[in-house]
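Visitor: I would like to go through a structure with you. May I ask short questions as they come to mind?

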Amino acid sequence: MPRPRALSTPAAGGVAVFIAALLAFVEVAQSWHLPSQVVVSRLSAARDIYCSSVTHQTLSATTSRLTALPAAAFHLDIRAMPLTRERALEIRDECFADDVPLPPDTCRWDAEELEQYLCTGGEWLPAWRTAPMKVLCLHGGGVNSKVMEYQTGNLRRALGDKTHFEYLNGPREWADPVDPRLLRFFGDGPYFGWYGVSDDADPSRAHTDKLLDETITFTYEQVEEGLDYVEAKIQASGPFDAIMGFSQGSIVATMLTARAMARHTAGDGPGPTWRHVLLFSGMPPRDSGYMRRLKEPLAFPCTLVFGRRDEFFDYGQRLRNLYSAPTVFEHAEGHKFPSDPQINEAIAAHVHHQVRAITPQ
């Protein structure tokens with residue numbers, strides 16, 4: 001049996017040929033037992049090509065043929081695949097709803113949901129859109145999920161009971177000395193990190209100095225395994241509306257988002273299923289491989305929160321340039337979550353608006 005081939009755009013008048021190719025692709029994908037996420041990615045790309053190449057009438061006429069594909073074995077529904085912005089604009093035109101703003105997270109809606117939203121003037125929302133906001137929390141290096149749950153107490157109170165937090169332990173047990181204060185308050189652990197770190201600098205140099213010196217090469221060990229570990233959690237327990245990271249966890253959130261965006265751009269898989277990243281005491285990745293990948297700012301919604309007394313404050317400011325339009329908050333404390341209720345209220349209001357609100361586009 002040959003390997004599945006890439007799907008190409010149908011030539012004029014070649015819709016039937018394209019559908020036949022789509023059928024053949026899914027049949028071969030089944031025989032090769034490809035992972036469902038791979039099939040979703042390829043079918044989604046094919047659907048985008050198809051929608052851009054034929055009229056809506058032709059698409060409707062052939063929907064029944066597409067939904068009868070063997071893709072049912074993957075629990076797929078062609079009609080419910082993520083919308084492109086172009087298709088969303090077409091649906092808005094068809095509903096004569098030019099005055100109704102498109103949701104910023106259109107890619108998470110299916111066509112029927114968007115039609116109902118537009119036809120009710122934006123009053124109807126799908127159940128998943130009005131459910132409590134889900135946030136995946138990634139702790140800093142050398143702590144664990146219990147520590148981060150304690151650290152986020154003020155923010156959790158500010159966000160209220162309409163937000164559900166899930167805390168994930170890192171995959172690597174922490175090998176370096178643990179802060180004695182943690183041992184006193186949280187016991188013997190275990191404590192975790194997300195990846196190992198090595199560099200080619202003089203070991204006597206301060207870590208903050210090394211981070212700022214671009215002539216020093218840093219290498220993150222088992223970083224891809226760490227990112228795979230987080231994505232497995234997202235697939236098992238998601239989708240999540242936002243990923244919140246602290247310190248090393250913020251680096252993981254940035255690398256994870258960059259990797260998912262690059263994968264989607266290359267047509268190799270889905271992009272981020274989360275809609276926002278919220279980074280406290282964050283820093284840019286220092287791994288040489290990821291520094292090369294992050295040459296262009298990420299066009300992804302991001303909130304950055306810095307403590308002006310943080311020893312990593314200067315290095316953390318470089319994170320501003322890794323996102324195209326981040327919202328930045330600062331507080332007067334150090335390498336920690338802010339304790340000021342007003343700052344927490346402002347952060348909570350901003351994030352809730354960014355994730356939940358529908359603004360004109």
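Visitor: Is Asp199 buried or exposed, or something in between?
Guide: Asp199 counts as partly exposed, at 27% relative accessibility. The classes are defined by relative accessible area, with a 1.4 Å probe and protein chains only: buried is under 20%, exposed is over 50%, and partly exposed is in between. This is a predicted model, in which local features need pLDDT of at least 70, side-chain atom pairs count only at pLDDT 80 or more, and totals for chains, interfaces and linings use all residues. Residues are numbered from 1 along each chain as its sequence is written, and side-chain values use heavy atoms, with hydrogens and water left out.

Visitor: Which side chain does Asp199 meet in a salt bridge?
Guide: Asp199 meets the side chain of Lys210, with 3.1 Å from N to O. A salt bridge here is a side-chain nitrogen of Lys or Arg within 4 Å of a carboxyl oxygen of Asp or Glu. In general, side chains of opposite charge can pair when their charged atoms come close.

Visitor: Where do the two partners lie?
Guide: Asp199 is in strand β5 and Lys210 is in helix α10, so the salt bridge ties together parts that are 11 residues apart in sequence. Helices (H or I, at least four residues) and strands (E, at least two) are DSSP runs, numbered from the N terminus. Lys210 counts as buried, at 9% relative accessibility.

Visitor: How many salt bridges are there by this rule?
Guide: The count comes to 17 salt bridges. One of them joins Arg263 and Glu231, whose closest N and O atoms are 2.9 Å apart. That pair links distant parts of the chain, with Arg263 in helix α12 and Glu231 in helix α11, 32 residues apart. Glu231 counts as buried, with 13% relative accessibility.

Visitor: What about Glu330?
Guide: Glu330 forms a salt bridge with Arg320, the closest N and O atoms being 3.0 Å apart. Glu330 lies in strand β10 and Arg320 in the loop between α14 and β10, so this pair ties together parts that are 10 residues apart in sequence. Glu330 is partly exposed, with a relative accessible area of 30%, and Arg320 is partly exposed, with a relative accessible area of 30%.

Visitor: Which residues are joined into one network by salt bridges that share partners?
Guide: They are Glu224, Asp228, Glu231, Arg259, Arg263 and Arg293.

Visitor: New topic. How many disulfides are there?
Guide: The count is 0 disulfides, a disulfide being a pair of cysteine sulfur atoms within 2.5 Å. For Cys119, the nearest cysteine sulfur is that of Cys95, 3.6 Å away.

Visitor: Is Cys119 buried or exposed? And Cys137, buried or exposed?
Guide: Cys119 is exposed, with a relative accessible area of 56%, while Cys137 is buried, at 0% relative accessibility.

Visitor: What is the volume of the second largest pocket?
Guide: The second largest pocket holds about 1500 Å³ of space. On a 1 Å grid over the protein atoms alone, a pocket is an open set of points where a 1.4 Å probe fits, with protein on both sides within 12 Å along at least five of seven lines; lining residues have an atom within 4 Å of a point. Grid points are joined across faces, edges and corners, and the volume is the space filled by probe spheres set on the points.

Visitor: How many residues line that pocket?
Guide: The second largest pocket is lined by 47 residues, and Gly141, Gly142, Val143, Ser247 and His335 lie nearest its centre. Among the elements that give two or more residues to this lining are β5, α10 and α12.

Visitor: Where are the cis peptide bonds at Pro190 and Pro239?
Guide: A cis peptide bond joins Gly189 and Pro190, with omega about 15°, and Pro190 is in the loop between α9 and β4. Another cis peptide bond joins Gly238 and Pro239, with omega about 5°, and Pro239 is in the loop between α11 and β7.

Visitor: Lastly, how many helices and strands does the chain have?
Guide: The chain has 15 helices and 10 strands. Of its 361 residues, 46% count as buried.
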